Amino acid sequence: MTRRAAPCRLPRAACALAALAAALLLAGCGMQRTLVLDSDPAGARVWVDGVDRGTAPVSVPFVHPGRWHVRMEKPGFLSVAEDVRVATRTSDLPVLDLPSEVVGGQRTERRLLRLPPLGSTPDAAAVEAVRQRALEFRERARREVAEPGTPQPRGGAR
């Protein structure tokens with residue numbers, strides 16, 4: 001003799017709603033999280049945690065808020081490297097994140113990194129001025145080392 005399952009004792013609509021809620025909980029559509037990295041000027045090459053991601057603007061999907069090391073380079077501009085942080089929101093905390101994970105949706109974080117332009121190439125007079133300051137510094141250091149009581153350098157110092 002086979003036993004039949006007990007029928008649902010709730011109204012049909014309540015059973016359907018319970019089944020739908022269970023299906024949503026099991027399916028877990030999930031929140032789509034994206035970090036969009038852009039550069040000023042546009043078109044810089046982007047690396048995230050050492051991985052080449054292409055030319056800005058780039059979209060980087062992420063599961064949990066956190067910190068990523070971002071580097072951008074473009075010819076004619078100084079390279080920029082910094083840690084980009086996506087802060088944790090209340091809706092990202094365990095248990096509190098359940099509704100957003102079930103319902104789904106999108107969270108997009110945007111960051112703009114500015115690349116300063118390279119300076120112009122120095123002329124001969126500027127290079128000579130730097131060389132003269134270096135020679136003066138060397139001579140002053142030699143005089144100070146020669147003062148009584150100053151320890152003498154070891155190794156290859158002259």
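This passage describes the fold, the strand pairing, the nonpolar core and some local backbone features of a predicted single-chain model.

Because the model is predicted, local features are reported only at pLDDT of at least 70 and side-chain atom pairs only at pLDDT 80 or more, whereas totals for chains, interfaces and linings use all residues. Residues are numbered from 1 along each chain as its sequence is written, and side-chain values use heavy atoms, with hydrogens and water left out.

The chain has a mean pLDDT of 78 (the predictor's confidence in each residue, from 0 to 100), and 70% of its residues reach 70 or more. Confidence is highest in β2, at 93, and lowest in helix α2 (residues 98-103), where the mean is 58. Three helices and seven strands are present in the chain; helices (H or I, at least four residues) and strands (E, at least two) are DSSP runs, numbered from the N terminus. Along the sequence, these elements follow the pattern α-β-β-β-β-β-β-α-β-α. Of the 158 residues in the chain, 19% are buried, a class defined by under 20% relative accessible area, with exposed meaning over 50% and partly exposed in between (1.4 Å probe, protein chains only). Among contacts (heavy atoms within 4.5 Å) with a separation of 6 or more, 58% are made by residues 24 or more positions apart.

The strands were examined next for their pairing, which requires that DSSP find at least two bridges between two strands. Four strands form an open sheet in the order β3-β2-β5-β6, with antiparallel pairing. Strands β3 and β6 lie at the edges of this sheet, each pairing on one side only. Neighbouring strands of the four-stranded sheet are turned by 25° against each other on average, direction ignored; axes are lines fitted to C-alpha atoms, for helices over the stretch in contact, and angles run from 0 to 180 degrees between N-to-C directions. Within this sheet, β5 and β6 are joined in the antiparallel sense by six bridges, and arginine 67 has arginine 85 in β6 as its bridge partner.

An open sheet of three strands has the order β4-β1-β7 and mixed pairing. Its edge strands, β4 and β7 (106-114), each pair on one side only, and the twist from one strand to the next averages 25°. Strand β1 runs antiparallel to β4, with five bridges between them, and pairs with β7 in the parallel sense over nine bridges. Valine 36 illustrates both pairings, with serine 59 as its bridge partner in β4 and arginine 110 as its bridge partner in β7. In a regular strand, side chains alternate between the two faces of the sheet. Such alternation is found along β4, where Val58, Val60 and Phe62 point to one face and are buried, while Ser59 and Pro61 point to the other and are not buried.

The largest nonpolar core comprises 17 residues, and those with the most contacts inside it are Leu35, Leu37, Val46, Val48, Val70 and Met72. Such a core is a set of buried Ala, Val, Leu, Ile, Met, Phe, Trp, Tyr and Cys residues joined through side-chain atoms within 4.5 Å. Two or more residues are given to this core by each of β1 (32-40), β2 (45-48), β4 (58-62), β5 (67-73) and β6 (80-85). Apart from neighbours within four places in sequence, valine 46 is in contact with Leu37, Val51, Asp52, Arg53, Gly54, Ala56, Val58, Val70, Arg71 and Met72.

Several local features concern the loops. Most residues other than glycine have a negative phi, and most peptide bonds are trans. A cis peptide bond, with omega of about 10°, joins aspartate 40 and proline 41; proline 41 belongs to the loop between β1 and β2. The backbone oxygen of proline 41 is 2.6 Å from a polar atom of the serine 39 side chain. Serine 39 itself lies in strand β1 and counts as buried because its relative accessibility is 5%. Neighbours within four places in sequence aside, serine 39 is in contact with Ala44, Ala56, Met72, Leu112, Leu113 and Leu115. A cis peptide bond also joins alanine 56 and proline 57, with omega of about 5°, and proline 57 is placed in the loop between β3 (51-55) and β4. In the loop between β2 and β3 lies aspartate 49, a residue other than glycine whose phi is positive, near 50°. Aspartate 49 has a relative accessibility of 46% and therefore counts as partly exposed.

Methods: A polar contact is a pair of N or O atoms within 3.5 Å; within protein, one must be able to donate a hydrogen and the other to accept it, and residues adjacent in sequence count only if both atoms are side-chain atoms.
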